[in-house]
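The exercises below work through one protein model, each with a task and a solution that goes step by step. Please have the sequence and the structure open while you read.

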Amino acid sequence: MTGRTVQRRFGERERQTLAKLFRALGTDNVHEAAAARGRIDSLLQQFGKAWGDLISLLGGTPAAIHTDLAHDIAALGSSDPGERANARHNIDELLARHHKSWNDLADELGSVSPEAWTSSPADDPERVNDLLGLVYHLLEEYVALKPHEYVAVSLWILHTHVYSRYMVTPRLALRSPVADCGKTTLLDILSRLTARADKFDSITTAAIYRLIDETHPTLLIDEADNLGLALQLNGKLRAVFNSGHRNGGTVAHVERSSTRRYSTFAPLALALPDMYGTLPRTLNSRCITITMERHSGQRELRRFDVNHPDAALDAAYGQILLWRRDAELNPEPEMPAGMRNRFADNWRPLLSIADSLGWGEQAREAMVIFGREYQDADAKILLLTDIRKVFDAHKADRLPSKILLDALNDLNADWCEFRGVRGEQQPHKLRGSELASMLREFRIRPRTIWPPTRTAKSKSAKGYRRSQFEEVWRAYCADDGTTAHASNIKDLRLVGDGTA
């Protein structure tokens, strides 16, 4: 039959395909989002439809969706990149304000009776004068921390909303010596205040890198010791967490005979049931660590009910979103004297935010206290520091390797429970071969040494002279025997209560 066009019917199969593509459009992976948009374009053209028809094609009621939202949905298919970007920004703001995800939006667009957040605009609340003080106060209501830790956690919460403006996103490690110290409660609070929070008690490596690539959430992981991050076989998971610390971090996997790259840059918080172990050194150095203790009961803490969350938390979240819209942030805030390297990198976003909110002095005071507690995560630097302590304790200018090794294992739990330079082995006492290997990187090698006073019965041994270490100690260690990172922290004035 000629001269007639048969119009295909947009049926249930096509609706399901469109819904799947629309969900894919919400990914933060620009390449996948572009591919989804192209496929939606093609599908709509097949049926003579436009992006303005998308809501009804999904099965929803266009009249029930607020006009501005409907306009932004249609603008996602615009040929103008700027218009598409503006529409996406508006939709993301809407979702953030209501703690919703792109999948939630897809569900509501396909609903005959969508929820109120898609149907009516929300007026901006009046802004508070002290946003950081508000967040600090809410943390005080629920968990027991030290003052400098309240400051750090409050700033970390805000940083999750603007982390993409910085070079790194510091990991947050919540540790405690025993259970019931408030780590889970703090994660629950974080889930109400951080950007696009996603909280898990257990999650696989594949799920983590796919989730981060798709939505770049604030990843909150309770009982993180179950991930086995320090074990050698979990190198892929460590790679995701380590690379995600830095803007532009990616991992690659071969899938169906092709290489797929996954973006890993996203905020991460981990709760751990111990004070020192579990995390490999490479990851620990990327963390701001909060050491939580069981509450003494001297003041009453509020109980967090996940089924009836505090309305004040949602109000604070809304205030954070208002701040995020027009926050003016200096990516290179002034650092306290002596703060450098990765420790400074971790604090740079927090100081930047603190300065924008008038909390710069308190943030730097907190940073100084954390710096005094900070232990350089590089095993080789820690080794130099402890070797100096051993030489000083023995008041010797030379030491046999065996005596030095035994003294190190007695001195520090890091050596009697050594996990390898990368922190990925089972705990064991530091071995002579490992000691020699680490020192070799500083061009320090064992020599044949004799006792200071030789006799006919004196025997030589392999060991080290103090003079071999003097130059590297000057470069990496402070005058007081701590790491060079901490060496300048002592120059910052401290008062009697331990605050700067």
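**Exercise 1. Describe the pair formed by arginine 398, beginning with its accessibility.**

Solution. Arginine 398 counts as buried, at 16% relative accessibility, where buried means under 20% relative accessible area, exposed over 50%, and partly exposed in between (1.4 Å probe, protein chains only). Its partner is aspartate 397, with which arginine 398 forms a salt bridge whose closest N and O atoms are 2.9 Å apart; a salt bridge here is a side-chain nitrogen of Lys or Arg within 4 Å of a carboxyl oxygen of Asp or Glu. Aspartate 397 counts as partly exposed, at 37% relative accessibility. Elsewhere, salt bridges that share partners join Asp28, Arg88, Asp92 and Arg196 into one network.

Before going on, note the source of these values: this is a predicted model, in which local features need pLDDT of at least 70 and side-chain atom pairs count only at pLDDT 80 or more, while totals for chains, interfaces and linings use all residues. Residues are numbered from 1 along each chain as its sequence is written, and side-chain values use heavy atoms, with hydrogens and water left out.

**Exercise 2. State how the chain is divided into domains, and characterise the interface of domain 1 and domain 2.**

Solution. Begin with the bounds, which come from an automatic or database domain assignment: domain 1 covers 12-110, domain 2 covers 131-371 and domain 3 covers 379-476. The centres of domain 1 and domain 2, taken over C-alpha atoms, are separated by 31 Å.

Next, take the contacts, meaning heavy atoms within 4.5 Å: nine residues of domain 1 are in contact with 14 residues of domain 2. Between them the two domains bury about 960 Å², 34% of it on carbon and sulfur atoms, buried area being the accessible area (1.4 Å probe) that two parts lose on being put together, summed over both. Of the area that domain 1 buries against domain 2, Asp28, Glu93 and His99 supply 51%, more than any other three residues.

Finally, count the charged pairs: there are four salt bridges between domain 1 and domain 2. On the side of domain 1 that touches domain 2, helix H5 (residues 81-97) gives the most, with three residues; helices (H or I, at least four residues) are DSSP runs, numbered from the N terminus.

**Exercise 3. Which residues form a salt bridge with glutamate 93, and is glutamate 93 buried or exposed?**

Solution. Arginine 324 forms a salt bridge with glutamate 93, with the closest N and O atoms 2.5 Å apart. Because arginine 324 lies in helix H14 (residues 311-326) and glutamate 93 in helix H5, the pair ties together parts that are 231 residues apart in sequence. Arginine 325 also forms a salt bridge with glutamate 93, and there the closest N and O atoms are 3.8 Å apart. As for accessibility, glutamate 93 is buried, with a relative accessible area of 14%, and arginine 324 is buried as well, at 17%.

**Exercise 4. Where does aspartate 386 lie, and with which residues is aspartate 386 in contact?**

Solution. Aspartate 386 lies in helix H17 (residues 379-394) and is buried, with a relative accessible area of 1%. Leaving aside its neighbours within four places in sequence, aspartate 386 is in contact with Leu408, Leu411, Asn412 and Trp415.

Terms used: Helices (H or I, at least four residues) and strands (E, at least two) are DSSP runs, numbered from the N terminus.
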